[in-house]
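Me: Before we look at individual contacts, I would like to go through this model step by step. Could you take my questions in turn and give the reasoning behind each reply?

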Amino acid sequence: MSKETIWLVIGLAGQACFTSRFLIQWLVSERQKKSVIPLAFWYFSILGGLTLLAYAIYRKDPVFILGQSTGLIIYLRNLYFIYREKHKKHLCLKTD
């Protein structure tokens with residue numbers, strides 16, 4: 001397999017991860033009959049974003065690199081907020 005083919009597969013895998021986050025969000029929302037963003041959405045965002053960033057760096061595409069890197073910051077920040085909130089709730093339960 002050529003280097004170009006390997007990177008094409010990496011890029012497609014990243015796009016598949018990135019796209020699957022919407023499928024996950026849609027399925028969870030349908031089950032709960034309301035709009036929900038599950039934790040898996042953020043993990044797939046990070047996985048897809050990192051893979052696509054690697055592909056963008058390989059392709060030397062500054063627009064793609066900028067878009068994926070800023071997205072990763074947002075996804076990681078959202079996970080931080082989620083875990084911080086869970087930690088606060090856990091601490092509140094311990095003090096009650």
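Reply: Helices here are DSSP runs of at least four residues, numbered from the N terminus, and Phe22, for instance, has its place in helix α1. Please keep in mind throughout that this is a predicted model.

Me: What distance should α1 span at 1.5 Å a residue, and how far apart are its end C-alpha atoms?
Reply: The expected span is 1.5 Å times one less than the number of residues. Because α1 has 30 residues, it should span 44 Å, and this agrees with the separation of its end C-alpha atoms, which is 44 Å.

Me: Which residue follows α1, and what is the sign of its phi?
Reply: Helix α1 covers residues 3-32. The residue that follows α1 has a phi near 60°, and thus a positive one; this residue is Lys33.

Me: How many salt bridges does the structure hold, and which residues form a salt bridge?
Reply: The structure holds one salt bridge. A side-chain nitrogen of Lys or Arg has to lie within 4 Å of a carboxyl oxygen of Asp or Glu, and here the closest N and O atoms are 3.5 Å apart. The pair links distant parts of the chain, with one partner in helix α2 (residues 39-59) and the other in helix α1, 55 residues apart. The partners are Arg59 and Glu4.

Me: Is Arg59 buried or exposed, or does it fall in between, and what about Glu4?
Reply: Buried means under 20% relative accessible area and exposed means over 50%, with partly exposed in between. Arg59 has a relative accessible area of 46%, so Arg59 is partly exposed. Glu4 has a value of 45%, so Glu4 too is partly exposed.

Me: Which residues make the nonpolar surface patch?
Reply: The patch has an area of about 330 Å². One of its members lies in the segment before α1 and counts as exposed because its relative accessibility is 78%; that residue is Met1. The patch is made by Met1, Ile6 and Val9.

Me: The structure holds seven aromatic pairs; why is the pair of Trp7 and Tyr58 stacked?
Reply: A pair of aromatic rings is described by the distance of the centres and the angle of the planes. The centres of the Trp7 and Tyr58 rings are 4.6 Å apart, and because their planes stand at 5°, the pair is stacked. This pair links distant parts of the chain, Trp7 being in helix α1 and Tyr58 in helix α2, 51 residues apart. Planes under 30 degrees apart count as stacked, and the angle here is 5°.

Me: What angle lies between the planes of Trp42 and Tyr75?
Reply: This pair joins Trp42 in helix α2 to Tyr75 in helix α3 (residues 62-95), 33 residues apart. Trp42 is buried because its relative accessible area is 11%, and Tyr75 is buried at 11% as well. The ring centres are 6.2 Å apart and the pair is tilted, with an angle of 40°.

Me: Which residues do ring pairs link into a cluster?
Reply: Among them is Phe22, which counts as partly exposed because its relative accessibility is 44%. The C-alpha atoms of Phe22 and Phe41 are separated by 7.2 Å, although these residues are 19 residues apart along the chain. Another member, Phe18, has Arg21 over its face, at 3.9 Å from the ring centre. The cluster consists of Phe18, Phe22, Phe41, Trp42 and Tyr75.

Note on methods: Residues are numbered from 1 along each chain as its sequence is written. This is a predicted model: local features need pLDDT of at least 70, side-chain atom pairs count only at pLDDT 80 or more; totals for chains, interfaces and linings use all residues. Side-chain values use heavy atoms; hydrogens and water are left out. Helices (H or I, at least four residues) and strands (E, at least two) are DSSP runs, numbered from the N terminus. Buried means under 20% relative accessible area, exposed over 50%, partly exposed in between (1.4 Å probe, protein chains only). Patches are made of residues with over 30% relative accessible area and no salt bridge: like charges are joined within 9 Å, nonpolar side chains (Val, Leu, Ile, Met, Phe, Trp, Tyr) within 5 Å. Accessible areas come from the Shrake-Rupley method with a 1.4 Å probe; for residues, only the protein chains shown count as cover. Rings of Phe, Tyr and Trp (its six-membered ring) pair if their centres lie within 6.5 Å; planes under 30 degrees apart count as stacked, over 60 as edge-to-face and the rest as tilted. A charge sits over a ring if NZ of Lys or CZ of Arg is within 6 Å of the ring centre and within 35 degrees of the ring normal.
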